[in-house]
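Good morning, everyone. Please bring the structure up on your screens, and I will take you through the ligand and the pockets.

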Amino acid sequence: MDLKDKVAIITGASSGIGRAVARNLNEVGVKFILTGRRENHLTELKDELAHAAILTGDISQDGMPQSLLAAALDTFGRCDIVFNNAGIIKAGSIDDIDIEDMCYMVRVNVEAAFRMAYVAVKHFKSTGSGYLLNTSSVLGTKVRPTAGAYAGTKFAIEALTEALRLELAKTNIGVSCVEPGLVQTDLHREWPVPPAQSLNIPRPLQPEDIARVVRFILEQPDHVRLPRILAVPSDQEL
Ligand SMILES: NC(=O)c1ccc[n+]([C@@H]2O[C@H](COP(=O)([O-])OP(=O)(O)OC[C@H]3O[C@@H](n4cnc5c(N)ncnc54)[C@H](OP(=O)(O)O)[C@@H]3O)[C@@H](O)[C@H]2O)c1
């Protein structure tokens with residue numbers, strides 16, 4: 001895809017991978033609708049980018065995916081790319097995990113992501129082209145004790161990604177997912193011991209590493225699809 005003047009919705013744009021993807025795609029002329037809950041972070045990012053608007057809110061709130069699409073159409077007149085990336089992690093042992101927190105994670109990582117995905121592909125079908133890129137995880141194909149629920153949310157993303165890709169074969173609509181290993185972001189900010197330490201990964205990926213992968217997927221010629229890319233730190237053993 002030639003990315004110049006394309007319009008992208010980025011969920012989870014207020015930090016980490018989403019923010020890095022916005023910065024990277026800004027270099028090639030993409031315009032953005034940015035979303036997340038932390039408005040100050042979104043405003044700072046918007047000010048860095050050439051063409052961007054923000055819509056602050058909880059992605060799991062009713063109607064948010066539709067509002068994001070409407071914002072793209074109202075602001076820029078089109079929507080070509082949805083980077084469906086917002087997510088949280090709630091993990092813990094059988095004795096420690098908070099079931100309500102876990103279920104909120106399922107609403108964000110699965111329900112909201114599925115709603116966003118269908119809003120995106122329905123729109124792309126109506127225009128005849130577009131790209132949906134979902135953020136999965138290394139835990140989208142493997143599991144770890146204490147992280148079963150999080151892995152389950154990412155297995156769900158993998159299943160939806162692949163089914164939509166098959167359904168949209170022979171069209172100009174692409175669907176892929178990126179599967180990061182450990183990335184240094186705000187995702188684990190509530191963890192008492194950072195995973196880089198507990199998992200012995202002294203050099204985790206940086207968000208910019210995933211941003212390059214995302215751009216690589218989007219810049220493929222029309223006849224090439226990269227349904228999934230796993231990107232892990234060289235120190236990661238999983
Ligand atoms: N970091 C890793 O090691 C890693 C590995 C594999 C996959 N991933 C996946 O990568 C994606 C991005 O995470 P990240 O690592 O970049 O972490 P991050 O820095 O914490 O970014 C997560 C983003 O999601 C947004 N978000 C979370 N809950 C939301 C909600 N309810 N409503 C709206 N926005 C919400 C956050 O914004 P607000 O907090 O401002 O709402 C933030 O912008 C996630 O799907 C995560 O599962 C991360």
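I will start with the ligand, then move on to the pockets. One thing up front: this is a predicted model.

So, the ligand. How many residues surround the ligand? There are 32 of them. The closest are S14, S15, R37, Y150 and T185. Sort that shell by class and you get 12 nonpolar, 14 polar and six charged residues.

Now some individual contacts. Look at S14 again. One of its polar side-chain atoms is 2.7 Å from a ligand oxygen. G12 works through its backbone: an N or O atom there lies 3.2 Å from an oxygen atom of the ligand. N85 also uses a backbone N or O atom, and here the distance to a ligand oxygen is 2.8 Å. How much of the ligand does the protein cover? On its own, the ligand has 870 Å² of accessible area, and the protein covers 98% of that.

Where does the ligand sit? In the largest pocket. Three elements give two or more residues each to the shell around the ligand. They are α1, residues 16–26, then α4, residues 99–127, and α5, residues 148–167.

Next, the pocket itself. Its volume is about 1,100 Å³. The lining of this largest pocket counts 49 residues. Nearest the centre are G87, I88, I89, D186 and L187. Which elements supply at least two residues each to this lining? α1, α4 and α5 do, and so does β2, which spans 31–36. By class, the lining splits into 20 nonpolar, 17 polar and 12 charged residues.

On to the second largest pocket. This one has a volume of about 220 Å³. Its lining is made of 18 residues. M1, G130, Y131, N172 and D222 lie nearest its centre. The elements that contribute two or more residues here are β5 (129–135), β6 (172–180) and α7 (207–218). Class by class, this second lining holds seven nonpolar, five polar and six charged residues.

To recap: the ligand sits in the largest pocket, with the protein covering 98% of its accessible area. The second largest pocket is lined by 18 residues, M1 and D222 among them. Thank you.

Terms used: Residues numbered from 1 in each chain as written. Predicted model: local features only at pLDDT ≥ 70, side-chain atom pairs only at ≥ 80, totals over all residues. Heavy atoms only, no water. Near = heavy atom within 4 Å. Polar contact = N/O pair within 3.5 Å; in protein donor to acceptor, adjacent residues only side chain to side chain. Areas by Shrake-Rupley, 256 points an atom, 1.4 Å probe, with all protein chains shown as cover. 1 Å grid on protein atoms, 1.4 Å probe; cavity = no way out; pocket = protein on both sides within 12 Å on 5 of 7 lines; lining within 4 Å. Sits in = over half its atoms within 2 Å of the grid points. Helix = DSSP H or I, 4+ residues; strand = E, 2+ residues; numbered from the N terminus. Nonpolar A, V, L, I, M, F, W, Y, C, P; charged D, E, K, R; others polar. Points joined across faces, edges and corners; volume = space filled by probe spheres on them.
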